[in-house]
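Trainee: I've got a new structure to look through and I'd like to talk it over with you. Can we take it one spot at a time?

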Amino acid sequence: MSTGTTTPSPGISREDLARLTEHWGERPSLRVWFSTVDHKRIGRRYLVTAGFFFVLAGLSALAMRTQLARPEAGILSPQDYNQLFTMHGTAMIFLFATPMLFGFGNFLLPLMIGSRDMAFPRLNAFGYWVFLFAGLFMWASLPFGAAPDNGWFAYAPLNSEQHNPGLHMDVYALGLLFLGISTTASSINFIATALKLRAPGMSLNRVPLFVWTIVATAFMVIFALPALNLDNAMLFLDRRFGTHFFDPSAGGNVLLWQHLFWIFGHPDVYIIVMPALGIVSAVLPAFTRRGVVGYPLIVLSIVAIAIISFGVWVHHMFATGLPQLSYSFFSAASTIITIPSGLQIFAWLATMLLGRLVIRVPLLFVIGFVVTFVLGGVTGTMFALTAFDQQVTDSYFVVAHFHYVLIGGAVFPMLAGIYYWLPKITGRMYHERLGRWAFWLVFAGMHVTFFPMHLYGLFGMPRRIYTYPSEPGWGGWNLVSTVGSYLLALGLLLVLVGVVHAVRRGRPAPADPWNADSLEWATASPPEPYNFPVLPRVHSLHPVWDERTAESTGAGATEDRILSAGRRTLFTSELDARCERAVEMPESTLKPLVLAGALLIFFTALLFAWYPVAAVAMVAVIATIAVWLWPPSRPDQEPGVAA
């Protein structure tokens, strides 16, 4: 139930509102907890689960920084360090960054476009369960000393059975293949939802920038992820069945791994950063009291980044001995991609300069993002120069750049989004002073941790080492970085305390505490199960600020009597969002959980070479899919809706 006040819409009767509640509401029970397909509940689960994996990865980082605080420390063994190092990177990239941003997308995208759910609610639930099981599959290996230990990039030939015996890299290959199912399913769902479920009148030039970034990210995932899946499938075949895809002595090629990995890996940087940039564009209007400057140019820059990012992968391979001429093309692409990114930075700065700033915690994190991301971008353009890249490759300078881009470009916007949408997600307001303390600790801790890495990277300290001698003089700078990491951890702990405090003791949030502009703020806080009692008709890019959109909730009574007759939402045309028809949405079901569980058994059986069990599990997977797709005994009636 909503903790905010809900005023019945003038366009729908109380009887219709009661029917909507009956059709869309879910009675609290254990079965419903496992079977829900409500995008809001699934979005919250993504956020919480990704946050849990973030905590595990962060604790791994603290252990590594403690080990590196002084020369020749013996807190961690080389084997333990390698496993923590690999799980930290793998979890941050695959189990935290993208799932966390997809969690925002799951909760917000239907609300932002004026829909009642995702296009495929059951597929949405399936994606979450697969994500959860894949993450547990990978982290469960750590207590048994069998976690991946070859870095999150898993370069060949060190990932082979000859050089890395045991289950370590089998967990890596199978875990990422398992996780890829979730990411692909979510991406397809985002694209279909954004194209077909927009509110009437929300033509493409009225789509919120956050939605643009989610859709661009989804397309990037669909085109980039097959390269990583192919890499991991070939690795598993090499390790288990004696193929030689990466074995030069048998006609394979070790660089094949790097090419396929970075064909995925460099777009993945923007897969992570792109939705975060969308969060910034969503937050700014509420705290500048105006729309973001240059909306058409920002949309073009989003599309340009999505395309150009696929032509930059050799940017990561300048030290591998490829032909020098080829480097020039990728160096040029690495430089060109900074142009659309810089365009968005200037648009946000212009928005802040031309607007009337209201300094609240979400805006502080946006400002911290701009400062940090620009610094990371400056070093990124340096890496586009082949000669410089070859000098600092495999040094801590790379580690510094990488974290400036990903913490500055992703974590700061995520934290801005958490504080901004916390009232909508939980129905409670956060504590402003506690949030400000959290910001300054996170901001200071981030720069104290990672800025010195530029220096001792230039002084020659290589990355991926678990200890170092005292002679080069790296110990002092490493101690500074370790102190900074604990400061950063304290700031993030305050963020968690602030969220818990808001949920338990925060004051009830109104529907729109920020005077924001997008449609999610036209719903109750938290939203009702059906999101909108009357689906809005959109007349501008800023619908909540537009009186015609507010008035339209009373004009759609005929349409909404049809929509309130069942668990239905509206299909609209792809370009101009004209009404097409009402569609029946599925109710809660255990099929997504059962299918994800069967896949978990299948991948676990492959890991331990229980091939008969794997065969039985695959039969269960196929049977569950057949039951899922079997047509209902009585076809749903889908009445047309007048445009």
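Trainee: Let's start with Arg65: which side chain of opposite charge is nearest to Arg65?
Mentor: Keep in mind that this is a predicted model. Arg65 lies in helix 3 (residues 39–67), and it is buried yet has no salt bridge. A salt bridge needs a side-chain nitrogen of Lys or Arg within 4 Å of a carboxyl oxygen of Asp or Glu. The nearest side chain of opposite charge is 15 Å away, and that's Asp394.

Trainee: Okay, so what is Arg65 in contact with, leaving aside neighbours within four places in sequence?
Mentor: Set those neighbours aside, and you get a list of contacts for Arg65 that includes Tyr396 and Met453. The rest of the list is Tyr456, Asn478, Ser481, Thr482 and Ser485.

Trainee: Is Val292 buried or exposed?
Mentor: Val292 sits in the loop between helix 8 (254–288) and helix 9 (295–308). Not counting residues up to four places away in sequence, it touches Leu209, Ser281, Leu284, Pro285, Ile298, Trp348 and Thr351. Its relative accessible area is 12%, and buried means under 20%, so Val292 is buried.

Trainee: And Gln79, buried or exposed?
Mentor: You'll find Gln79 in helix 4 (residues 78–113). Its relative accessibility is 52%, and the cut-off for exposed is over 50%, so Gln79 counts as exposed.

Trainee: How far apart are the C-alpha atoms of Gln79 and Ala582?
Mentor: Along the chain, Gln79 and Ala582 are 503 residues apart. In space, their C-alpha atoms are separated by 58 Å.

Trainee: While we're at Ala582, which residue stands opposite Ala582?
Mentor: Ala582 is in strand 2, which covers residues 579–584 and pairs with strand 1 in the antiparallel sense over 5 bridges. Strand 1 (residues 568–572) is mostly covered, with 5 of its 5 residues buried. The residue opposite Ala582 is Leu570.

Trainee: Which residue takes a positive phi in the hairpin of strand 1 and strand 2?
Mentor: Look at the stretch joining them: the hairpin has 6 residues between the strands. The phi in question is near 55°, and the residue that takes it is Ala577.

Trainee: Last one: which helix gives the most to the nonpolar patch on the surface?
Mentor: The patch is formed by Phe120, Ile188, Phe219, Ile222 and Phe223, with about 460 Å² of accessible area together. Phe120 is found in the loop between helix 4 and helix 5 (121–139), and at 39% relative accessibility it counts as partly exposed. The top giver, with 3 residues, is helix 7 (residues 209–241).

Conventions
Residues numbered from 1 in each chain as written. Predicted model: local features only at pLDDT ≥ 70, side-chain atom pairs only at ≥ 80, totals over all residues. Heavy atoms only, no water. Helix = DSSP H or I, 4+ residues; strand = E, 2+ residues; numbered from the N terminus. Buried < 20%, exposed > 50% of the residue type's maximum accessible area, 1.4 Å probe, protein only. Patch = residues over 30% accessible without salt bridge, like charges linked within 9 Å, V, L, I, M, F, W, Y side chains within 5 Å. Areas by Shrake-Rupley, 256 points an atom, 1.4 Å probe, with all protein chains shown as cover. Pairing = 2+ DSSP bridges. Lys, Arg positive; Asp, Glu negative; His and termini not counted. Contact = heavy atoms within 4.5 Å.
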